[in-house]
Amino acid sequence: MASTADIKNGVVLSIDGQLWSVVEFQHVKPGKGGAFVRTKLKNVVTGKVVDRTYNAGAKVDIENVDRRDFQYLYNDGDSFVFMDLTNYDQINVPAATVGDAKNFLLENQQVTIALNNDTPLYVDLPASVVLEITYTEPGLQGDRSSAGTKSATVETGYEIQVPLFLETGTKVKVDTRTGDYLGREK
């Protein structure tokens, strides 16, 4: 067990059997009364954010979370197979753990996976990825980027909104957090 003095940004706490990552913390020493630590915690699995306050010196349970680089290999039905880049071991990550990241995963892509006791918690992608448009309606002469958007399917099967002038075969940069079109890739 650790105390509130050990709380720092990025530390993972175990609270009521769930893992919570410290997004931000603040040590407060009011003029009257005892000191306390105000924290903003994010659930590692669900992403839910909550505020929690601890009295100074209170005991907290800090969990060991290992973030390592992996390479995505392939989809194996209900799980995704990744290879550890340090020792070349392969792990299967359930589709529920991968979540929306599956919309942006390409074979041989490098990702970071957070592990707790060798159990994958989540897959962390780069901020943006380059994907090729596999299908979209043809653009018309005179369509400009400010004129509007249309649906386009990228090589992972995910559908995004792109400017009207883009055509099938164009490589585009996509934000992995929101799924938004960021621009064309040369």
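These legends accompany five close-up views of a predicted model.

**View 1. The pairing of strand 4 with strand 5, and the hairpin they form.**
Here strand 4, residues 36–43, meets strand 5, residues 49–55, in the antiparallel sense, with seven bridges between them. To get your bearings in the ladder, look for Val-37, which has Tyr-54 of strand 5 opposite. Now follow the chain into the turn: five residues sit between the two strands, and Gly-47 in this hairpin takes a positive phi near 85°.

**View 2. Thr-4 and its surroundings.**
Thr-4 belongs to the loop that runs between strand 1 (2–3) and strand 2 (12–15). Is this threonine buried or exposed? Thr-4 counts as buried because its relative accessibility is 6%, under the 20% limit for that class. A polar atom of the Thr-4 side chain lies 2.9 Å from the backbone nitrogen of Gly-57. Beyond its neighbours within four places in sequence, Thr-4 is in contact with Val-37, Tyr-54, Asn-55, Ala-56, Gly-57, Ala-58 and Val-60. Two of these names will be familiar from the previous view, where Val-37 and Tyr-54 stand opposite each other.

**View 3. The largest pocket and its lining.**
The space in the largest pocket comes to about 710 Å³. It is lined by 29 residues, and those closest to the pocket centre are Lys-42, Val-44, Tyr-122, Val-123 and Asp-124. Which elements supply at least two lining residues each? They are strand 3 (18–28), strand 4, helix 1 and strand 12 (119–124). Strand 12 gives the largest share, with five residues. If you are thinking about the chemistry of the lining, it divides into 15 nonpolar, nine polar and five charged residues.

**View 4. Strand 16 with strand 13 and strand 17 as partners.**
Strand 16, residues 171–175, runs antiparallel to strand 13, residues 128–136, and five bridges join the two. Leu-131 marks one point in this pairing, standing opposite Val-172 of strand 16. Strand 16 is also joined to strand 17, residues 181–184, by three bridges, again with an antiparallel run. In that pairing, Val-174 has Tyr-181 of strand 17 as its bridge partner. Between strand 16 and strand 17 the hairpin holds five residues, and its Gly-179 has a positive phi near 80°.
Do also take a look at Glu-132, a residue of strand 13. Glu-132 counts as partly exposed because its relative accessibility is 30%, a value between the 20% and 50% limits. Not counting residues up to four places away in sequence, Glu-132 touches Thr-153, Val-154, Glu-155, Gly-169, Thr-170 and Lys-171. For Thr-153, the C-alpha to C-alpha distance from Glu-132 is 8.6 Å, with 21 residues of separation in sequence.

**View 5. Tyr-88 and Asn-108, each with a positive phi.**
Most residues other than glycine have a negative phi. What is phi at Tyr-88? The angle is near 65°, a positive value in a residue that is not glycine. Tyr-88 lies in the loop between strand 9 (79–84) and strand 10 (90–94), and with 57% relative accessibility Tyr-88 counts as exposed. Asn-108 has a positive phi of about 70°, although it is not a glycine either. Look for Asn-108 in the loop between helix 1 (95–98) and strand 11 (110–116). Asn-108 counts as exposed because its relative accessibility is 52%, over the 50% limit.

Conventions. Residues are numbered from 1 along each chain as its sequence is written. Side-chain values use heavy atoms; hydrogens and water are left out. Helices (H or I, at least four residues) and strands (E, at least two) are DSSP runs, numbered from the N terminus. Buried means under 20% relative accessible area, exposed over 50%, partly exposed in between (1.4 Å probe, protein chains only). Two strands pair if DSSP finds at least two bridges between them. On a 1 Å grid over the protein atoms alone, a cavity is a set of points where a 1.4 Å probe fits but cannot get out, and a pocket is an open set with protein on both sides within 12 Å along at least five of seven lines; lining residues have an atom within 4 Å of a point. Grid points are joined across faces, edges and corners, and a volume is the space filled by probe spheres set on the points. Ala, Val, Leu, Ile, Met, Phe, Trp, Tyr, Cys and Pro count as nonpolar, Asp, Glu, Lys and Arg as charged, and the others, Gly among them, as polar. A polar contact is a pair of N or O atoms within 3.5 Å; within protein, one must be able to donate a hydrogen and the other to accept it, and residues adjacent in sequence count only if both atoms are side-chain atoms. Contact means heavy atoms within 4.5 Å.
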